[in-house]
Amino acid sequence: MTHSDSQQVDSALPASSIETSLEKAPMLEMCGITKRFPGVLANDNVSFDVRAGEVHTLLGENGAGKSTLMKILYGLYQPDEGELRLHGKPLRLRSPLDAISHRIGMIHQHFMLVPTLTVAENVALGLPSQRGPLTDLKRVSRRVNELSDLYGLQVDPAAFVWQLAVGERQRVEIIKALYRDVQLLVLDEPTAVLTPQEVDDFFTILHEMKRDGRGLIFISHKLQEVMDLSDRVTVLRHGRVEATTTPAQTTRNDLAALMVGRQLDSATRGNRASLTSETPEVFSVNGLRVAGDRGVDALKSIDLQVHAGEILGIAGVSGNGQRELAEAVTGLRPILAGDVLVDGSAITGMTPKKIREAGLSFVPEERMRDGAIGDFSVADNMVLHNHTESQFSSAGFLDFAAIKTHCSKLVQDFNVKTPDLDTPTKNLSGGNIQKLIMARELASNPRVLIAAQPTRGVDIGAAEYIHQRLLEQRDSGTAIMVISEDLDEVMALADRIAVICEGEIMGVLDAGNATREQIGLMMAGVSDAANSQRA
Amino acid sequence: MPRSLIVILIPVFSVAAALLLGAIMLLMLGANPISGFATMLSAAFGSLDGFSATLIKSIPLMLVGVGICIAFRANVINIGGEGQMVLGGLFSTMAALALPGLPPLLLVPVVLLAGIVGGALWGAIPGALKAYFNVSEILSTIMLNIVAVQLMNFLLRGPLIDPGEIERGTRIPQTARLPENSDLPMLVDRLNFHSGILIALAAAICAWVLLWRTGLGFRLRSVGLNPDAARYAGIPVKRSIVIAMMLSGAMSGLAGAILVFGSESHRMVTDGSTMGFTGSAGFNGIVVALFGALHPLWTIPSSILFGGMLIGANSLQRVAQVPSALIIALNGLIVIFVVSTEWHRKRLQAESKVVNEDVVDK
Ligand SMILES: Nc1ncnc2c1ncn2[C@@H]1O[C@H](COP(=O)(O)OP(=O)(O)OP(=O)(O)O)[C@@H](O)[C@H]1O
Ligand SMILES: [Mg+2]
C-alpha cells in the first residue's frame, strides 16, 4: 500500500524535474517537534523539511539534538509534541518498521550491522524474502553487485562484516538503503569515518541519489563538506532551530558562529615540539608483524619511534593496518613478530592491564564497541580501567563517593554534556561519549597515549578543545601517537608524520615541511615521495 | 514513576494470567478452581506449619536462583544447578564423614564450605571450557549434570554407603546418619524449621552487594554487558567468566549441602536420579531467577512464592486428586508469560531508550 502511494517520487524522475525540485512542495515535513528526556530538552519546537532531490544538512554542536530529531523521523522515538507529514499527509511512525515501509532509511552514527553475518545477509536482514521463510541470498548478492556497479561502491557481498574496515561498513549501510530503494535517507555523520578520497566517492554517490529524486538529510561536523554538498542548511542549537539558510547565503565562519552562539577564534595550532637529539625515545615498535582478520598480515614488519613530548601522526587511508597497529600495541591483538617498547622495556605480548600499568593509554577508534559500556553510568565508565586503584576501592569494595568526585571533575574539565553522573552512557550524544573517553584516558597522565580518530564525530568547538588537550599533554612530556584518517587533523597536530599503506610505513616526514601532495602520494603507496623530500 | 510500576506489574500480571489458565485446566479436570486455589493458598501460607514448609522449600530455589543471577550478569547461562547441587551435597557429606569429631560450631561451617567448594568446582569446569575453549556453557552444564548423578550413584552405592546397609544386606544407596554435630541449627524444633533460610537470605544479600558494590561485581557486569570494552579496559574477561560460573556453582553447592544437613534423615540418599535429591531445584531456580527479573533481591520473594506453589500443589493433589503435574504446567505458563511480557515492557521502554546500535555487535 505504502509503496503505491509513494510511486509519485519513484526513482526514475525525468531529468528536467531536477531544477524545479527545489521549488516543489516538501517531501517530508517535521512540524513543531518537541522531545524531552529526563533532564534534557533535546528538541524544542523544531520545524524541518526535506524536498525530493535535495540535500538538507543539519548542523549543530554535540548534544544539539540532531540524532534525536532523526531518530524521531525513523520511528525510534515518539515526539512529545508536533507531527510528521509525508507528501502533505500526516505520518505516524510507531517503529523503524513503519519508517522502512514508507521508504525512509537511516544510516546511524554508530553502524547497525551484525558483524557475524555477511554483507548480503546484513542487507537481507529484516526484509521479506521472495522465497518465504527461506532466505534468498543469491538474489540478494546479485542485486548488491548490481547496485555497487551502478553507484560505484565496492563491496563483496560474501565478506563478513567483522572483517570490514569502517569505511567499508559505511558502504554496506548505503547499499542496504539503496537495496530498500529509500525515497528519503538520513545520514547521521556518515563522513566522520571516511578518508578524504572516500568522502569524494561518497559525495558522488550522494549526487547520484539526488539525481534519482531522493531526499537526503545530512549530518556532519565538517563545515567544508557541508558547504560543498548541501542545498540547504539548518542549524540547531540547544535543541532549537537557530537558522535555515543555503551555502550561497552564508560562510563557514557564520555557520560555526550560529552553531556555538559566538564567533570562534580561527584555529590556532600550538608550536611544534622542540626536540633535540637528547630527547628520550619513550615509545617504539621494532619489526612489528601482526595478522589481520582476513589471514594476510595487516602489518609487515614496521618500525616507529615516538619521543617524549612529541606527537607522531599516522596518516593513511582507512584499512591499511592502522586499527591493527593500535590493537597490537595495546595488547588486544596477538603480535606475530617484533617488539613494542615503553621506556626501553618490552611490553610485547603483555595483557592489556599490564600494558596500561606500564603507562600506556588508548583512545580506541570504535568508541561504542571498545571505549565505553553503553549500559554503565557515566561515572562507571570513567573508572572502567582503574576502579581497582586504592583511591576508588578499598578491600574490594568500590568507593562510589570518591568515584563520583573524580568523575564530576573530569566531566567538568572536558565539558562532557550529561544530565548527571548516573545517566547511562548510551544516552549521551556521540561527541560527548568521545569526550568522556578522552577525559578518562588523559586523566592518568600517561607516558604514552595512542589516540585513534580522537575527534571523530566531535563538533568543531570540542575538536579544538581536544586538540588543545593533546598538545598540552604532549608539552607535559607524553609520547603521543595520533592515528587519524583526517589529514588536516594529522597536519595540525603532529610533529612528525608517518604514512602507512598496506601495512607498511611508506616514510616518516617532518610535519613542518610536509605537503598534502607528498602525503597523498605516499598514502597511495608511492614511497619515493619521502626520499625525494629528504634529499 | 510509571516505568517502575510497569516493572512491578509484569510479574503480577503474568502470575494472574497463568493462574487463569490454571483455573481452566482445573475446570477441565473436573475440580473447582476457586476451592482448588484456596486449598493451595492455605496449605502454603495459611498456617505456621505450612509457611515453614514453604520457606524450607524455597531455600534451594533461592540459592540456585541467586547463582543464576550472578552468572547471568556476566552473560553466562548456568543450566548446571542440578549437578552443582549434587556435588555440593557429596562434598559436604564427605567432609562431615571425614571430620565427625569437630564441635558443631566448627563442623557446620566446614560442611557448608565443603558444599560451596563442590558446587564451585562443578561450575568452574564449564566456565573454563567456555572462557578458554569456547564451549557453550549450556551444553557443558547439562552434560555435567549427568556426570554428577553418575558420580553420586557410584559414591552412595560404594565408597560412601552406610556400613549398616551392607551388614543388613539391604544395600539402600545412602550414607550413614551424619554426625549430629553437623546438623543445621534449628530455629523452630517442632517444625524442623532450620537455619538454612537465614543462610539463603544472607547469600542473596551478599550477591547483591557483590554485584553492585564491589570491584569484582563491577568487572563481572562489565564483561556481561560489553566484553570488548571490558577487555580494552584491561579487565580479564576469561577469568571473569570462570569466576562468575564458580560463584554461581557455589550457590547451588551450598543449596545441596543445606538439603543434606537440613533433611530430617540427616543423610544423603539417592533414588538414582538428580531430581530425587534436588527436587529439581536446580532447574526451578532458573524460573525463580527469571521471575525475580534476574535480580538477587527480587529472587527472595520469587523463591518464596514458588516454594509456596510447590507446597500448595502437593496438598491440592491430596485434596482435589489433581495431578501435581498441573503445577509443573503452571510453572511453565508463568515462565512463558514473564518472558513474553518482558518483551512488551521492552517495547514500552523503547521510546525513552536509545537504541544502542552496538547491541547488535554482541
Ligand atoms: N535516550 C536518551 N535518554 C536521555 N537523554 C538523551 C537520550 N538521547 C539523547 N539524549 C540527550 O539529548 C541531547 C541531544 O542528543 P543527540 O544525540 O540528539 O545529540 P546530537 O546533536 O546528535 O550530538 P552529536 O553531534 O554529539 O552526535 C543530549 O543532551 C543527549 O544527552
Ligand atoms: Mg548524534
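This briefing walks through the contact between chains A and B, the site around ligand 1, and the salt bridges. Please keep in mind that the model is predicted. Chain B meets chain A over a buried area of about 3300 Å², and residues from both chains surround ligand 1, so the site is shared between chains. Over all chains, the structure holds 44 salt bridges, yet the rule finds 0 of them across the interface of chain B and chain A.

**Where chain B meets chain A**

- On the chain B side, 28 residues are in contact, and they touch 44 residues of chain A.
- Carbon and sulfur atoms give 60% of the roughly stated area, which is about 3300 Å².
- Polar contacts between chain B and chain A link 12 residue pairs, with both partners at pLDDT 80 or more.
- Three helices of chain B each give two or more residues to the side that touches chain A: H8 (196–213), H9 (215–225) and H10 (227–232).
- Of these elements, H9(B) brings the largest share, 6 residues.
- Sorted by class, this side of chain B has 12 nonpolar, 10 charged and 6 polar residues.

**The surroundings of ligand 1**

- There are 23 residues around ligand 1, and those that come nearest are Gly63(A), Ser67(A), Thr68(A), Ser429(A) and Gly431(A).
- The shell around ligand 1 is made up of 12 polar, 7 nonpolar and 4 charged residues.
- In chain A, strand E2 (40–50), helix H3 (66–73) and helix H16 (430–443) each supply at least two residues of this shell.
- H3(A) gives the most, with 3 residues.

**Polar contacts and burial of ligand 1**

- Ser67(A) uses an N or O atom of its side chain, which is 2.7 Å from an oxygen atom of ligand 1.
- Ser429(A) also places a polar side-chain atom 2.8 Å from an oxygen atom of ligand 1.
- With Lys66(A), the partner is a polar backbone atom, 2.8 Å from an oxygen atom of ligand 1.
- Taken alone, ligand 1 exposes 640 Å², and the protein buries 95% of that.

**A salt bridge within chain A**

- Asp44(A) and Arg240(A) meet through their side chains in a salt bridge, with 3.1 Å from N to O.
- Asp44(A) lies in strand E2 of chain A and Arg240(A) in strand E10 (residues 240–245) of chain A, so this pair ties together parts that are 196 residues apart in sequence.
- Strand E2 of chain A is also one of the elements that supply at least two residues of the shell around ligand 1.

Note on methods: Residues numbered from 1 in each chain as written. Chains lettered and ligands numbered in written order. Predicted model: local features only at pLDDT ≥ 70, side-chain atom pairs only at ≥ 80, totals over all residues. Heavy atoms only, no water. Contact = heavy atoms within 4.5 Å. Buried area = accessible area lost by both parts, 1.4 Å probe. Salt bridge = Lys/Arg side-chain N within 4 Å of Asp/Glu carboxyl O. Polar contact = N/O pair within 3.5 Å; in protein donor to acceptor, adjacent residues only side chain to side chain. Helix = DSSP H or I, 4+ residues; strand = E, 2+ residues; numbered from the N terminus. Nonpolar A, V, L, I, M, F, W, Y, C, P; charged D, E, K, R; others polar. Near = heavy atom within 4 Å. Areas by Shrake-Rupley, 256 points an atom, 1.4 Å probe, with all protein chains shown as cover.
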